[in-house]
Amino acid sequence: MRVVTASEMYAIDRYTIQQIGMSEESLMENAGQAVARILRERIHPTQRVAVLAGTGNNGGDGFVIARVLKSYGYATDLWLVPPKEKVKGAAKKALEIYENSGYEVKHYIGNEKEFTEQLSHYDVIVDALLGIGVKGILRSPYKEIIDKVNEAKRLVVYAIDVPSGIFADGGGVETAIQADATITIQYPKLSAYTFPTADYYGELMVVDIGIPPLSLEKNAGFRKLWSEADVVRTLPTRKRSSHKGTYGKGLVIGGSRNMTGAVTMTAKAALRSGAGLLTMAVPDDIYSVVATHVPEVMYYPCSSVNGCFTGEFDFVHLDVDAIAVGPGMGRTAGTKSVVQKVLCQDVPVVLDADALYYWKDYVSIVRERKQATIVTPHPGEMARMINVSIRDLEKDRFAIAKQFAMDYGVYLVLKGPYTIVTTPDGKQYVNTTGNPALAKGGSGDVLTGIILAFMMQHADIQEAISNAVFVHGKAADVLIERGHSPLDVLATDVIEAIPQTLFHLYKKESL
């Protein structure tokens, strides 16, 4: 499943019509029929339905939907909001077919009072008002209609393509349909995976209307939803002849006197995720504290001052395949020095937490690295790294993430709801697992451990990272499904849910 911008969707439609030869009318008919099939499965025949339609292609989809529902006996009213003469192109043809089928159009203009009175008698609203074409501030009467729909009680609201009032590419929201479910045409749009716009979608469903894949490849950037099927397809399989060295010798560097737990959770998560051999490098000041918590690892105590790394670090006696650095280190000159030394090692490196604080001081080293560099900021860290506000970052997550990964040649894991994994060549993979239970300290440390372990077991770095992000979120989902609330989940609970999550995925692989 791919994700597109509004301009890409328009280009896809044009290419499909002009180059491939499918008519705009047939695409609109396909869209309306596909949406109507889903609605027929969800709407009880006794429920009253109102389809609210605008002038553009979204309205045209609404005309087809209303016609199909009426042909199957559903009590459906079609409300045309703009004057009829403003309906053009394929939408005009769809409206003519609706009327030629013997069905009545209710006109909003001149009948505003009747619409308001009728609204309380409907059970279902189908929003086909604006679609992806909305620009600027909503004008009358759309704003008033949307406000009335949102204020109405007992209504179930289905939005077509995107909730009306939402910008397809995301951004701020002034007035928009608050949908219970959104049925998106062919490809999800960026706003389904950015906030605050994603909050207006409700349940997201996608319908295929028959656009050939070539139209997508010719006209859209690479953004893909990373699904459970992708995880199952790419999970590594262990051979009977393998041994602990087969699955990587990892090094986790982190910890300080005030933060002994972070590095411990990273190590535990890495072990639960299949790391073969693991070494924890910690300040010698806290060695006695952390050593009792993870007996399965080897330890590398390092010189410390005030409970933090001094900055001295000798890799001569360490044989490692990958390094994760940052959890719980503290924002000190010693941290910066250690990270700089790590980045000079010829192995894949995961930078997390405090390792990101001095990003600007070692970007030149990052650009020169031959091995993979994985950068894992949450929005606050990312905003600081690039000198923008969190608000501006969240409004343009996809474009900013792509530019950053390509500029520095890194794999960027921009964390948050719908974490985006971006590769150095700009390809993007969107994760859909996880829930608000992960909004708690320590969750990022756990993800770092999973990424480290998966990197050492997968042949492909992107697959390793995307699978790690998926498993991390899925573990939180498993906890919620098995009796936890979004409030009580701890990062250590997520670690303990990794085995069950992996069991489920490997069981699916064997089927």
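In which hand do helices H2 and H3 cross? In this predicted model, the crossing of H2 and H3 is right-handed. Helix H2 spans residues 24-42 and helix H3 residues 57-71, and the two pack with their axes 8 Å apart at an angle of about 55°. The pair is therefore described as oblique, because angles that are neither under 35 degrees, nor over 145, nor from 65 to 115 fall into that class. On the H2 side, the residues that meet H3 are Glu-24, Met-28, Glu-29, Ala-31, Gly-32, Gln-33, Val-35, Ala-36, Leu-39 and Arg-40. Their counterparts in H3 are Asn-57, Gly-60, Asp-61, Val-64, Ile-65, Arg-67, Val-68 and Leu-69.

Two open sheets can be followed next. One is built from seven strands with parallel pairing, in the order S3-S2-S1-S4-S5-S6-S7. At its edges are strand S3 (105-107) and strand S7 (203-207), each of which pairs on one side only. On average, neighbouring strands of this sheet are turned by 25° against each other, direction ignored. Within the sheet, strand S1 (residues 48-53) runs parallel to S4, and five bridges join the two. Val-49 offers a handy place to look at this pairing, as it stands opposite Val-124 in S4. The loop between helix H5 (112-119) and strand S4 (124-128) holds His-121. This histidine counts as partly exposed, with a relative accessibility of 47%. His-121 and Asp-425 are 304 residues apart along the chain, and 53 Å separates their C-alpha atoms.

The other open sheet has 10 strands and mixed pairing, and reads S8-S19-S18-S17-S16-S15-S14-S9-S10-S11 from one side to the other. Its edge strands, S8 (223-226) and S11 (298-302), each pair on one side only. From one strand to the next, the twist averages 20°. Inside this sheet, strand S16 (residues 373-375) and strand S17 (residues 411-414) are joined in the parallel sense by two bridges. Here Val-375 has Leu-412 of S17 as its bridge partner.

Helix H16 brings several of these elements together. It lies across strand S9 (249-253), strand S10 (277-283), strand S14 (322-325), strand S15 (349-351), S16 and S17, and runs at about 170° to S14. H16 also packs with helix H9 (residues 261-272), at an angle of about 40° and with the axes 7 Å apart. H9 and H16 are therefore oblique to each other, and H9 passes H16 in a right-handed crossing. From H9, the contact is made by Ala-262, Met-265, Thr-266, Ala-269 and Ala-270. H16 contributes Asp-445, Val-446, Thr-448, Gly-449, Ile-450 and Ala-453.

A closer look at H16 (residues 443-455) can start with Ser-443, which belongs to this helix. Is Ser-443 buried or exposed? Its relative accessible area is 8%, so Ser-443 is buried, the cut-off being under 20%. A polar atom of the Ser-443 side chain lies 2.8 Å from the backbone oxygen of Leu-438. Leu-438 also appears among the contacts of Ser-443 once neighbours within four places in sequence are left aside, together with His-472 and Ala-491.

Definitions and conventions. Residues are numbered from 1 along each chain as its sequence is written. This is a predicted model: local features need pLDDT of at least 70, side-chain atom pairs count only at pLDDT 80 or more; totals for chains, interfaces and linings use all residues. Side-chain values use heavy atoms; hydrogens and water are left out. Helices (H or I, at least four residues) and strands (E, at least two) are DSSP runs, numbered from the N terminus. Buried means under 20% relative accessible area, exposed over 50%, partly exposed in between (1.4 Å probe, protein chains only). A polar contact is a pair of N or O atoms within 3.5 Å; within protein, one must be able to donate a hydrogen and the other to accept it, and residues adjacent in sequence count only if both atoms are side-chain atoms. Contact means heavy atoms within 4.5 Å. Two strands pair if DSSP finds at least two bridges between them. Axes are lines fitted to C-alpha atoms, for helices over the stretch in contact, and angles run from 0 to 180 degrees between N-to-C directions. A crossing is left-handed if the near helix is turned anticlockwise from the far one by less than a right angle, and right-handed if clockwise.
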